[in-house]
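This briefing sets out the computed features of one molecular structure. The sequence and the model are shown first.

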Amino acid sequence: LTESSIRESDAMVDQLERAEVAEERRAVFRALTRLRGAAITSFDGVARAQTGNIDEYARKYQWRKQHPVRHLASEESDTARWAFPAAADF
């Protein structure tokens, strides 16, 4: 083979290798993009389920119903009972 045909063969082989590398990069990028989409979809599903759980819990358990406010005025309105108890030692 002549020097020029060797250079042309080498150039064609290099071009084929570059084309293969470019195709591999595209394939990897596509696969990673699909994987990323699947991961995001999965995360969104988990987030939706968790939000639904929080909403369901909030509907079932309400803080104010389980922990009623005892107002001081209503507890101390009967002054005869707490200010002058029957068993007081006067």
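The points below proceed from the overall form of the chain to its individual side-chain contacts.

The structure is a predicted model. The chain holds four helices and zero strands, and its C-alpha atoms fill a box of roughly 130 × 25 × 15 Å along the principal axes. Buried residues account for 0% of its 90 residues.

**Overall form**

- Read from the N terminus, the order of elements is α-α-α-α.
- The radius of gyration of the chain is 39 Å, whereas a compact globule of 90 residues would have a value near 12 Å.
- Helix 1 spans residues 3–60.
- Within the chain, the C-alpha atoms of Arg 25 and Ala 49 are 36 Å apart, with a separation of 24 residues along the sequence.
- Arg 25 belongs to helix 1.

**Surface**

- The exposed area of the chain is about 8,700 Å², of which carbon and sulfur atoms supply 59%.
- Val 28, Leu 32 and Leu 35 make a nonpolar surface patch of about 300 Å².
- Leu 32, one of the residues of this patch, is located in helix 1.
- Arg 25 counts as exposed because its relative accessibility is 64%, and the cut-off for this class is over 50%.

**Salt bridges**

- The count of salt bridges comes to three.
- Glu 23 and Arg 26 form a salt bridge in which the closest N and O atoms are 3.0 Å apart.
- Glu 23 and Arg 26 are three residues apart in helix 1, so about one helical turn separates them.
- Glu 23 also meets Arg 30 in a salt bridge, with an N to O distance of 3.5 Å.
- Through these contacts, Glu 23, Arg 26 and Arg 30 are linked in a network of salt bridges.
- The members of the network are classed as partly exposed: Glu 23 has a relative accessibility of 39%, Arg 26 has a relative accessible area of 45%, and Arg 30 has a relative accessibility of 40%.
- A further salt bridge joins the side chains of Lys 60 and Glu 56, at 4.0 Å from N to O.
- Lys 60 and Glu 56 both lie in helix 1 and are four residues apart, about one turn of the helix.
- Lys 60 is exposed, with a relative accessible area of 57%, whereas Glu 56 is partly exposed at 38% relative accessibility.

**Aromatic contact**

- A pair of aromatic rings is described by the distance of the centres and the angle of the planes.
- The count for the chain comes to one aromatic pair.
- This pair consists of Tyr 57 and Tyr 61, whose ring centres are 4.6 Å apart and whose planes meet at 40°.
- The pair counts as tilted because its angle of 40° is neither under 30 degrees, as required for stacked rings, nor over 60, as required for edge-to-face rings.
- Tyr 57 is exposed at 52% relative accessibility, while Tyr 61 is partly exposed with a relative accessible area of 39%.
- The two rings fall into separate classes because exposed requires over 50% relative accessible area, a value that Tyr 57 passes at 52% and Tyr 61 does not reach at 39%.

Methods
Residues numbered from 1 in each chain as written. Predicted model: local features only at pLDDT ≥ 70, side-chain atom pairs only at ≥ 80, totals over all residues. Heavy atoms only, no water. Patch = residues over 30% accessible without salt bridge, like charges linked within 9 Å, V, L, I, M, F, W, Y side chains within 5 Å. Areas by Shrake-Rupley, 256 points an atom, 1.4 Å probe, with all protein chains shown as cover. Helix = DSSP H or I, 4+ residues; strand = E, 2+ residues; numbered from the N terminus. Phe/Tyr/Trp six-rings, centres within 6.5 Å; stacked < 30°, edge-to-face > 60°. Buried < 20%, exposed > 50% of the residue type's maximum accessible area, 1.4 Å probe, protein only. Rg over C-alpha atoms; globule rule 2.2 N^0.38 Å.
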